[in-house]
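User: Could you take a close look at the salt bridges in this one for me? I'd like to know which residues pair up, where they sit and how exposed they are.

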Amino acid sequence: RIDVYLIEGLMIAIFIGFIIVTAYMVSFIEKRIIKPIRDVADWSRMFKDDYADMSDIEITDNDEISDISSAFNIVKAKLCEANKTKRDNESALRKLREEEEYKKKFVKQLYDEKREKEIISSEAKRDGLTGLYNRRSFDALIDEFMSNKSVSSEGALFLIDMDNFKNVNDTLGHIAGDEALKTLAGAMRIVFPGGDEFIAFVPSTCDDETLDRLGSSLCKKMDREFEHGGKSVRLSVSVGIVNTVGIDDYAELYMKADKALYYSKEHGRNQYTLASSLDNFATD
């Protein structure tokens with residue numbers, strides 16, 4: 001009977017020991033394996049949402065689970081660093097774009113102001129009716145050209161007079177006279193493309209053949225019947241042309257062009273005369 005009790009006691013002790021060992025193993029597995037794995041899993045789920053404010057995974061032992069946790073912590077640290085760099089770059093880029101926008105607005109403002117000043121300056125220099133330069137601006141431009149011209153930058157002055165313009169005003173009225181002046185301005189722009197800013201001055205070397213062609217073209221375009229208010233008059237122009245070759249003074253240039261214009265008017269109007277042809281007549 002004593003042996004039976006001993007065996008029963010031994011079995012109970014073994015059973016209790018088994019329970020204790022099992023409980024310890026469960027606790028150990030829970031603490032050392034299951035909990036770290038669960039923490040890593042929970043951390044991983046949180047990681048994809050917002051890792052910046054997450055705490056590092058606690059590392060308790062030097063085992064595989066701890067190595068995984070350490071690796072996750074390193075990845076998180078690197079990603080946080082990269083995220084900070086990204087935010088800094090985005091902030092710098094945003095600041096750069098704001099500065100670029102400010103520069104664009106500033107440049108546009110300067111351009112608009114410059115353009116407005118140019119328009120005001122241009123309007124002050126031009127005749128309000130024809131859009132051509134007024135006499136003061138024209139004289140200043142030609143005087144500047146004559147002062148700075150060289151052998152390779154000669155030009156030609158066209159002095160133009162509308163024939164019998166008084167007859168236009170008297171017959172058709174001053175409004176029609178204004179329209180006739182606009183017609184002449186339009187013809188000048190066609191004959192002198194790109195050079196209307198000098199009114200009737202061609203800032204380039206012009207031989208007699210070129211000047212003949214330009215003078216003839218202008219006279220032909222202005223030789224027309226002009227109608228207004230049921231009435232009509234004949235329009236035409238007389239032109240005096242002088243080349244700047246050998247002339248350095250605007251006053252002398254103008255005087256020669258005026259003589260050529262006078263010759264055209266005195267010899268029937270509706271024609272052009274080159275000053276060089278008058279010099280040839282004088283020589284002959």
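Analyst: Here's a walk through the salt bridges, with a bit of the surroundings to place them. Keep in mind that this is a predicted model.

First, the setting. The protein chain has eight helices and six strands, and from the N terminus the elements go α-α-α-β-α-α-β-α-β-β-β-α-β-α. Of its 284 residues, 27% are buried.

Now to the charges. How many salt bridges does the structure hold? The count is eight, and a few of them are worth going through one by one.

Let's start in helix H4, which covers residues 165–172. Here Lys166 pairs with Asp170, and their closest N and O atoms are 2.7 Å apart. The two partners are four residues apart in that helix, or about one turn. Are they buried or exposed? Lys166 has a relative accessibility of 61%, so it counts as exposed. Asp170 comes out at 53%, so it is exposed as well. The cut-off for that label is over 50%.

Moving along to helix H5 (residues 174–191), we find Lys182 and Glu179. Their side chains meet in a salt bridge at 3.7 Å, N to O. Within the 4 Å limit, that counts as a salt bridge. Because Lys182 and Glu179 are three residues apart in H5, about one helical turn separates them. As for the surface, Lys182 is partly exposed at 37% relative accessibility, and Glu179 is partly exposed too, with a relative accessible area of 32%.

The next pair isn't held within one helix. Asp223 forms a salt bridge with Arg234, with the closest N and O atoms 3.0 Å apart. This one links distant parts of the chain: Asp223 is in the loop between helix H6 (208–222) and strand E3 (224–228), while Arg234 belongs to strand E4 (residues 231–235), and the two are 11 residues apart. Asp223 is partly exposed, with a relative accessible area of 32%, and Arg234 is partly exposed at 48%.

There's also a group to look at: Lys149, Glu154 and Asp248 are joined into one network by salt bridges that share partners.

What about charges outside the salt bridges? Glu98, Glu99, Glu100 and Glu101 form a negative surface patch. Patch residues, by the rule used here, have no salt bridge. One of the four, Glu98, lies in helix H2, which spans residues 64–125. With 52% relative accessibility, Glu98 counts as exposed.

To round off the picture, here's the sheet. It is an open one of four strands in the order E2-E1-E5-E6, and its pairing is mixed. At the edges are strand E2 (201–202) and strand E6 (272–274), each pairing on one side only. Strand E1 (residues 156–162) and E2 run antiparallel and are joined by two bridges. In that pairing, Ala156 stands opposite Val202 in E2.

So, back to your request: among the eight salt bridges, Lys166–Asp170 sits in helix H4, Lys182–Glu179 sits in helix H5, and Asp223–Arg234 connects a loop to strand E4.

Note on methods. Residues are numbered from 1 along each chain as its sequence is written. This is a predicted model: local features need pLDDT of at least 70, side-chain atom pairs count only at pLDDT 80 or more; totals for chains, interfaces and linings use all residues. Side-chain values use heavy atoms; hydrogens and water are left out. Two strands pair if DSSP finds at least two bridges between them. Buried means under 20% relative accessible area, exposed over 50%, partly exposed in between (1.4 Å probe, protein chains only). Patches are made of residues with over 30% relative accessible area and no salt bridge: like charges are joined within 9 Å, nonpolar side chains (Val, Leu, Ile, Met, Phe, Trp, Tyr) within 5 Å. Accessible areas come from the Shrake-Rupley method with a 1.4 Å probe; for residues, only the protein chains shown count as cover. Lys and Arg count as positive and Asp and Glu as negative; His and the chain ends are not counted. The place of a charge is taken as NZ of Lys, CZ of Arg, CG of Asp or CD of Glu.
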